2 protein chains.
Amino acid sequence: MSLIIVGSVAFDTIETPYGRREKIVGGSGTYCSLSASFFTQPEIVAVVGEDFPKETIEFFKNRRIDIRGLEIRPGKTFHWEARYGDDPNQRSTIRTELNVFQDFKPLLPPGYRQADIVFLANIDPDLQDDILAQVQKPKLVAMDTMNLWINTKPDSLLKVLEKVNIYFANDEEVRMLTKETNLVKAGNKILKRGPSLVVIKKGEHGALVLGEDFVFGVLAYPCKEVVDPTGAGDSFAGGFLGYLDKVRAINDKNEIRKASVYGSVLASYVIEDFGIERFKSLTQQDVEDRFSDFKKLVSF
Amino acid sequence: MSLIIVGSVAFDTIETPYGRREKIVGGSGTYCSLSASFFTQPEIVAVVGEDFPKETIEFFKNRRIDIRGLEIRPGKTFHWEARYGDDPNQRSTIRTELNVFQDFKPLLPPGYRQADIVFLANIDPDLQDDILAQVQKPKLVAMDTMNLWINTKPDSLLKVLEKVNIYFANDEEVRMLTKETNLVKAGNKILKRGPSLVVIKKGEHGALVLGEDFVFGVLAYPCKEVVDPTGAGDSFAGGFLGYLDKVRAINDKNEIRKASVYGSVLASYVIEDFGIERFKSLTQQDVEDRFSDFKKLVSF
């Protein structure tokens, strides 16, 4: 099958209790594609400026990410700055410089339009809708979003939601979107809006996957050191969808369970170091080893 | 084997988004004993006033709880009032009237002193220590506590901690006691103070069980309606220890995994109704059914 990932490729300036890093590579599309690359050859759709490092593009290629959809434009790359406190679930955005991302309105390369799986990472819901319209007959469409769009473009967001099969969100976003505190009720409300599966990411508490007559819970791996939580959610989505693409499964509940665990595995690795650093040493064997650890963690 | 449970038997006035109940039966010893009674015949140690309802004592007897250690004193029963908001993990204590609990200094009935398992629910740590000294040769000692004692009697608390095998606590308490945000690190710090197992209860996010070279995670059951969260933690401990008493296991890691799940099962039921109401209709089969549901919930 094939998987396209639409999101941001960016510079992040990050401060956590473990230190500060200036303008390291980040972005939802980056984390998601790198994670998916452990299972399949994802096709990325994003835009960067001329200041974006050539070696990162080489790294994408080495990980067999298809970069035909990665546009390089005159100007500067999207730059986001954030700070985390002692609680990795709490972060404050310090700065957002959209730069070339401001006019991001991609035309999918012809080869991308037959994609089987489409992931619309967190970008303007109108843009998500435009891009989705360019894919001919996707078998599975997944989306993510953020509080900004829930607050400023709820109608556009709900319009996209009707067209997707899987909605990835964190617990706060699900509660905000549905005005419902209980996550099971909130998830069920979202299922009524279109998706057949809602994946509620809960940071250090793992994730809850809800469908009609289906519920699966996956823990977060009990990490001693959360060096940089950035990208955990996107890595979860990348591992999840990359795995489904690899096993050519769309609706198989057993595969969805495994996909959730692989998502959690990738998320648990990425937070061990700043930015995408951990991906540079991560091996296929590491991924399989931690998948087994997750089994031990919850089996009884 | 045999299990004694030392805690409060009380009146609770509870307000949640589902309603308000005045002076219904509650207390850590109550929840813990009722939960344990699904596995063994727990021996309760507590004090109530003359106003305590006879029918609840009959209910304890019907559930084969040994009430020789339940003292009835002239005066009024301990009364606690609390309010929960939309988030069941957040509660405010409105009122605490100790009443007969003020002078609670129990002498264990002779038949209790040979107990194999001792659970010291959340009471003054000096009292926990006194009571523990009355048990001849316990095979397993477990304790719970609360933020009040962590703040006001940390030395007494640490003294008891050295003598126990299992420490039950919620995430907030573990962080407060160790001044460590990361729960795995916090748990490891506590393991160095004495216990061989730390059970970190995380409300709607389940529980994390940590030992030396041992980690097990159990989800909370995804409940749609959390009517009254009171007693969930004590029910967890009761199910956990009741099960260990039943299977006569102290150190068996597989049994500890199952005990954790049974703890979560009992906690998931008690919150479905106010106070101890749910225990009145709960059957052995219900408990086993949900144990199986927990397997389905996490298996992959």
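The paragraphs below go through this predicted model, from its two chains to a sheet and a helix. Residues are numbered from 1 along each chain as its sequence is written, and chains are lettered from A in the order in which they are written. Local features need pLDDT of at least 70, side-chain atom pairs count only at pLDDT 80 or more, totals for chains, interfaces and linings use all residues, and side-chain values use heavy atoms, without hydrogens and water.

Two copies of a chain are related by a rotation about an axis and a shift along it. Here a turn of 180 degrees and a shift of 0.0 Å along the axis lay chain B on chain A with an RMSD of 0.0 Å (least squares on the C-alpha atoms of residues with pLDDT of at least 70 in both). The two copies are thus related as by a two-fold rotation axis. In chain B, the C-alpha of His205(B) is nearest the axis, 3.0 Å from it.

In chain A, nine strands (DSSP runs of E, at least two residues, numbered from the N terminus) form an open sheet with mixed pairing, in the order β5-β4-β1-β8-β9-β10-β11-β12-β13. Strands pair if DSSP finds at least two bridges between them. β5 (66-73) and β13 (214-218) of chain A stand at the edges with a single partner strand each, so one side of each has no neighbour in the sheet. Within chain A, five bridges join β11 (residues 197-201) to β12 (residues 207-211), and the two run antiparallel. Val198(A) stands opposite Leu210(A) in β12(A).

Helix α5 (residues 154-161) of chain A (helices are DSSP runs of H or I, at least four residues) has Ser156(A), Leu157(A), Val160(A) and Leu161(A) buried, meaning under 20% relative accessible area with a 1.4 Å probe, protein chains only. Seen down the axis of α5(A), its buried residues fall within an arc of 140 degrees (taken from the directions from the helix axis to the C-beta atoms), so they line one face of the helix.

Notes
Buried means under 20% relative accessible area, exposed over 50%, partly exposed in between (1.4 Å probe, protein chains only).
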